[in-house]
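Here are a few exercises to work through with the model open in your viewer. Try each one before you read its solution.

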Amino acid sequence: MIDFAAISKLELHLHLEGGVPAAFLRRMAQEKGMDVSRLFNEEGEYFYKDFLSFLSIYESLTEVSQTPEDYARLTRQMLEQSAANGVIYTETFVCPVHCCANDVGAWKEVSEAMREEAAAAERELGITMRVIVSCLRHHGPDMVRAAARCAAETAGDFIVGFGMSGDEARGKFRDFAYAYDMAREAELGLTVHSGEWGPPRMIRDAVETLRVSRLGPAARAAEDPAVVTFLREQGIVIEACPTAGVATGLFSDLSEHPVEILRQSGLKLTISTDDPAYFGSSMATEYEALHRTFGWDEQIFAQITQTALDAAFCDGVTKEKLAKRLETAS
Ligand SMILES: [Zn+2]
């Protein structure tokens with residue numbers, strides 16, 4: 001029997017607030033005298049019905065955390081959860097629009113508070129965190145550009161990437177190309193959400209227009225063999241989030257999810273949880289479900305981990321340290 005929590009893992013696709021347990025966020029709202037009860041179900045868990053209501057609830061709850069101290073606390077909560085599930089490295093999406101309306105000065109304070117908390121957690125829990133500054137495409141190109149400015153102004157060894165999520169039905173990729181150019185000039189790694197709800201042709205468009213090296217969750221790529229071939233030839237890394245695809249109703253069951261088809265087609269594949277606190281998942285349950293459904297074994301998990309290490313946006317020194325930890329763990 002495999003101990004899935006004990007396997008050392010790298011996670012490249014996790015949204016900060018989505019990694020924070022509902023009980024903690026309810027407590028934080030209570031401390032501030034905010035009534036957010038409508039956003040939780042009877043069991044006290046995050047309450048959503050479909051993908052769009054998930055986005056809406058998620059955004060509403062970001063109003064609870066505003067100050068640098070709040071973000072340090074969220075960081076700690078998320079890192080404790082991840083570390084308990086064997087994650088030794090996490091790249092976490094954080095949206096400056098949520099904490100500080102994309103104000104660069106305020107964002108610097110928030111990111112510094114997160115960096116300090118992450119450094120403490122690294123010493124105490126053995127998990128390394130890096131941040132991908134993120135934005136929401138349904139906020140429109142101006143807001144996306146403002147987020148890219150925050151990312152460019154804080155790019156370095158902690159802020160390592162830029163990404164965009166949100167409602168794929170809104171806006172064209174070319175509307176966001178300028179923001180991605182800014183992030184690229186700041187030497188940030190680039191990723192984008194695509195192929196989650198949008199059709200496969202949008203995945204190709206995302207790669208060609210925004211020139212990203214990674215994209216996720218991208219499950220719908222499997223619908224079009226030409227897109228799969230394109231992604232393989234371009235060496236694009238997929239940040240697959242299998243449980244998230246089921247939890248948001250895109251697939252009825254994990255066995256319907258094309259993650260195994262994508263893996264067998266030779267794509268560079270990584271596995272992440274996306275928003276585990278919303279989906280009742282963790283990296284350990286993700287691995288366990290993939291083992292149970294598709295028979296994935298330790299050898300396949302080791303391949304996935306190596307792909308994630310190669311594709312991580314952190315610097316070479318950090319990668320070497322992680323590689324050493326993986327070596328001693330195996
Ligand atoms: Zn995501």
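**Exercise 1.** This is a predicted model. Find which residues of helix 3 are buried, then check the helix's length against its residue count.

Solution. Start with burial: P68, Y71, A72, L74, T75, Q77, M78, L79, Q81 and S82 are the buried residues of helix 3. Next, the length. Helix 3 covers residues 68-84, which is 17 residues, and at 1.5 Å a residue it should span 24 Å. Its end C-alpha atoms are 24 Å apart, so the two agree. Finally, look just past the helix: G86 follows, with a positive phi near 85 degrees.

**Exercise 2.** Is K49 buried or exposed? Place K49 relative to the helices too.

Solution. First locate K49: the loop between helix 1 (22-31) and helix 2 (51-61) holds this residue. Then count neighbours. K49 has 11 C-beta neighbours inside 10 Å, and the cut-off for exposed is 12 or fewer, so K49 counts as exposed. Now step to A72, one of the buried residues of helix 3. K49 and A72 are 23 residues apart along the chain, and their C-alpha atoms are separated by 30 Å.

**Exercise 3.** Work out the strand order of the eight-stranded sheet and which strands sit at its edges.

Solution. The sheet is open, pairs in parallel, and runs 1-2-3-4-5-6-7-8. Strand 1 (9-15) and strand 8 (268-271) each pair on one side only, which makes them the edges. From one strand to the next, the twist averages 25 degrees. For a pairing up close, take strand 5 (residues 189-194) and strand 6 (residues 214-217), parallel over four bridges; S194 stands opposite P217 in strand 6. Last, add helix 6 (residues 141-154), which packs on the sheet and touches strand 3 (128-136) and strand 4 (159-165). The direction of helix 6 makes about 155 degrees with that of strand 3.

Terms used
Residues numbered from 1 in each chain as written. Predicted model: local features only at pLDDT ≥ 70, side-chain atom pairs only at ≥ 80, totals over all residues. Helix = DSSP H or I, 4+ residues; strand = E, 2+ residues; numbered from the N terminus. Expected span 1.5 Å × (residues − 1). Buried ≥ 20, exposed ≤ 12 C-beta atoms within 10 Å, placed from the backbone. Pairing = 2+ DSSP bridges. Axes fitted to C-alpha atoms, helices over the stretch in contact; angles between N-to-C directions. Contact = placed C-beta atoms within 7 Å.
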